[in-house]
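Morning, everyone. I have one structure to walk through today, so let me put it on the screen.

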Amino acid sequence: MQHLIKKIKHTLCRYHMIQKGDLVVVGVSGGPDSVCLLRVLNEIRHDFNMDLIAAHFNHGLRPLEDDAETRFVEMLSASLDLP
């Protein structure tokens, strides 16, 4: 995991994607890609002195899964102490 985090930090710096002090809003669907992104950005947020917000929108397109995904993202955000 540390190799991935180092590579992402390098990419963010190289392409000036995040500046120190930025507010970053992460769209989190509850799937593995967005959860990984949120976890990595949370891991490095202090290095960039960034504020991080997890955003989730329940489109209501998959009634059997949407509510569970929303609860999962709420619990994940709370566990990371993120709004």
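When I say two residues touch, or are in contact, I mean that they have heavy atoms within 4.5 Å. One caution: this is a predicted model.

Let's start with that term in use. S29 sits in the loop between β1 and α2. Setting aside residues up to four places away in sequence, S29 touches S34, H56, E69 and V73. Is S29 buried or exposed? Neither label fits: its relative accessibility is 41%, so S29 counts as partly exposed. The side chain of S29 also has a polar atom 3.0 Å from the backbone nitrogen of G31. For a sense of distance, take D81, which is 52 residues from S29 along the chain. The C-alpha atoms of S29 and D81 are 18 Å apart.

Now the partner, S34. This residue belongs to helix α2. Its relative accessibility is 11%, and the cut-off for buried is under 20%, so S34 counts as buried. What does the side chain of S34 reach? One target is the backbone nitrogen of S29, at 3.0 Å. Another is the backbone oxygen of G31, at 3.4 Å. Leaving out neighbours within four places in sequence, S34 is in contact with G27, V28 and S29.

Let me step back to the overall fold. The protein has three helices and two strands. From the N terminus, the order is α-β-α-β-α. The C-alpha trace spans about 40 × 25 × 20 Å along its principal axes. There are 83 residues, and 30% of them are buried. Look at contacts between residues at least 6 apart in sequence: 69% of those join residues at least 24 apart.

Next, the helix pair. Helix α1 covers residues 2–14, and helix α2 covers residues 32–44. Their axes come within 10 Å and cross at roughly 80°. Angles of 65 to 115 degrees count as roughly perpendicular, so α1 and α2 are roughly perpendicular to each other. Which residues meet there? From α1 we have L4, I5, I8, K9 and L12. From α2 we have C36, V40, L41, E43 and I44. By class, the contact has eight nonpolar residues, two charged and no polar ones.

On to the core. In soluble globular proteins, nonpolar side chains tend to be buried together. Here, the largest nonpolar core has 19 residues. L38, L41, M50 and L52 have the most contacts inside it. Where does this core come from? At least two residues each come from α1, β1, α2, β2 and α3. Helix α2 gives the largest share, five residues. Note that L41 turns up twice, in the core and in the contact of α1 with α2.

Take L52 as a case. Not counting neighbours within four places in sequence, L52 is in contact with L23, V24, V26, L38, L41, N42, R45, L82 and P83. L38 and L41 on that list are also among the core residues with the most contacts.

Last stop, helix α3. T70 is placed in that helix. T70 has 17% relative accessibility, so it counts as buried. Its side chain makes a polar contact with the side chain of H56, at 3.0 Å. Beyond its neighbours within four places in sequence, T70 is in contact with H56 and N58. And H56 takes us back to the start, as one of the residues that S29 touches.

That's my tour. Over to you.

How values were computed:
Residues are numbered from 1 along each chain as its sequence is written. This is a predicted model: local features need pLDDT of at least 70, side-chain atom pairs count only at pLDDT 80 or more; totals for chains, interfaces and linings use all residues. Side-chain values use heavy atoms; hydrogens and water are left out. Axes are lines fitted to C-alpha atoms, for helices over the stretch in contact, and angles run from 0 to 180 degrees between N-to-C directions. Helices (H or I, at least four residues) and strands (E, at least two) are DSSP runs, numbered from the N terminus. Angles under 35 degrees count as roughly parallel, over 145 as roughly antiparallel, 65 to 115 as roughly perpendicular and the rest as oblique. Ala, Val, Leu, Ile, Met, Phe, Trp, Tyr, Cys and Pro count as nonpolar, Asp, Glu, Lys and Arg as charged, and the others, Gly among them, as polar. Buried means under 20% relative accessible area, exposed over 50%, partly exposed in between (1.4 Å probe, protein chains only). A polar contact is a pair of N or O atoms within 3.5 Å; within protein, one must be able to donate a hydrogen and the other to accept it, and residues adjacent in sequence count only if both atoms are side-chain atoms. A nonpolar core is a set of buried Ala, Val, Leu, Ile, Met, Phe, Trp, Tyr and Cys residues joined through side-chain atoms within 4.5 Å.
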